[in-house]
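Dear colleague,

I am handing over the structure below, and my notes on what was found in it follow. Please read them with the coordinates open beside you.

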Amino acid sequence: MGTAATGDAQHLEPPGCAVLVVGCGNLLRGDDGVGPVLVRHLWERGVPDGARLVDGGTAGMDVAFQMRGAQRVVIIDAAATGAAPGTVFKVPATDLADLPPPQGLHTHSFRWDHAVAFARWALGEECPTDITVYLVEVAGVELGADLSAPVQAAMELVIDRIEGDHLAALRPAAALEATVEFTADGYLRLDAALAASRFPSDAVTAVVRDDDLWLIPLRGPRGGGLLLKQRNPAGDRSLLIREVIADRAISGVAGAFWDDATKSLRIPLPGRREPPG
C-alpha cells in the first residue's frame, strides 16, 4: 500500500449542510424500514439547497460520521415500546443529553441512540448539538412486508413536520402571484423559481375546475400524475396539458396565483371553449 506525500495529502471532510435528515432501519423488515422509506419520500419531493438526506439503514457508525458539518440533524427510526402502532414519539433533548456511551455493540445492533452516542464520542466538539429524533411505533417487522397502514399514516405526519420545521425555510420563496405561458403545441411553461418553490418533486395533478386550471403538487412520480420536465439549463419547466384542456384554444402568457387553502396553483383560463363537432 502506497503512502501520499505530506505536501500532497488532502484532508477530506463531508460536505456541510444546514439540515441533515437520516432515516434508520431495515427496509426488508416491514415497519422497521419507516426511516429509509421516509427519506425516499422526501427525496421525491425535491431536496432544497442546504439539506442532505441519508438512508442510514442499519449502519449506525456511518450515520454518526455523516453528522459532521451539519448544523441541524433529524433522525427517524422505528420503535417497539408496546404503544399503539403508528404512535409518534419526539425524543426530548434532555434524553439525548443523558445517553450513555456505546459499549460492547455489534455494528448490526446500532440504533438511533447508539448512533447519537457514538457520534458524540467520535466527533467530540464537531458533533451537532441541534438533534431531533422521531420514533414511529411499529405494528410488525416481518421479513419482506410493506409498511403497515398505521405506520404509513404516521410517516406522512412526520414528513409534514420535517418539511414545516426544517426544510420549508430552505426552499426558494415564490410570490403568491405569477405568470405562466401556454404554448400552441399544448404545453404549460413555468419559470424555475415557481417550479422549485411550489412543485419540488416535479410531479403534479392537473384538473380544470370552475374555469381555472389547477396544478396540485404530488409527493413524487410514484403517485402518478403529470411530470414537469426541465426545459432549459436555467431550470424552467414545461408540462404537457393538451389533454387536460383539449376543448379550449389557449396560447400565450396568463396570470396565476397560489391558493394556500387548496395547496394548488390556480390559473384562470383565458381561452374559449371550442364548439362541439
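Is R189 buried, exposed or partly exposed? The model is a predicted one, and in it R189 has a relative accessible area of 30%, so that R189 counts as partly exposed. The side chain of R189 meets that of E181 in a salt bridge, with a distance of 3.9 Å from N to O; the cut-off for such a bridge is 4 Å. E181, at 31% relative accessibility, is likewise partly exposed, since the class covers values between 20% and 50%.

A second set of charged contacts is centred on R266, and here the accessibilities are of another kind. The side chains of R266 and D212 form a salt bridge of 2.9 Å, N to O, and this pair links distant parts of the chain, with R266 in strand β15 (residues 264-268) and D212 in strand β9 (residues 212-217), 54 residues apart. R266 also forms a salt bridge with D259, for which the closest N and O atoms are 3.1 Å apart. Because buried means under 20% relative accessible area, R266 at 16% falls in that class, as do D212 at 10% and D259 at 13%.

The structure holds 13 salt bridges, and some of them join into a network, in which R45, D160, E163 and R171 are linked.

Two members of that network, R45 and E163, come up again at the largest pocket, which contains about 480 Å³ of space. This pocket is lined by 16 residues, and those closest to its centre are R45, E163, R198, P200 and P217. Sorted by class, the lining is made up of 7 nonpolar, 2 polar and 7 charged residues, which may be worth keeping in view if you look at the pocket yourself.

Turning to the surface, L27, L28 and L143 together make a nonpolar patch of about 310 Å². Of these, L28 sits in the loop between β1 (17-24) and α1 (34-45), and L28 is exposed because its relative accessible area of 56% is over the 50% that the class requires.

With best regards

How values were computed. Residues numbered from 1 in each chain as written. Predicted model: local features only at pLDDT ≥ 70, side-chain atom pairs only at ≥ 80, totals over all residues. Heavy atoms only, no water. Patch = residues over 30% accessible without salt bridge, like charges linked within 9 Å, V, L, I, M, F, W, Y side chains within 5 Å. Areas by Shrake-Rupley, 256 points an atom, 1.4 Å probe, with all protein chains shown as cover. Helix = DSSP H or I, 4+ residues; strand = E, 2+ residues; numbered from the N terminus. Buried < 20%, exposed > 50% of the residue type's maximum accessible area, 1.4 Å probe, protein only. 1 Å grid on protein atoms, 1.4 Å probe; cavity = no way out; pocket = protein on both sides within 12 Å on 5 of 7 lines; lining within 4 Å. Points joined across faces, edges and corners; volume = space filled by probe spheres on them. Nonpolar A, V, L, I, M, F, W, Y, C, P; charged D, E, K, R; others polar.
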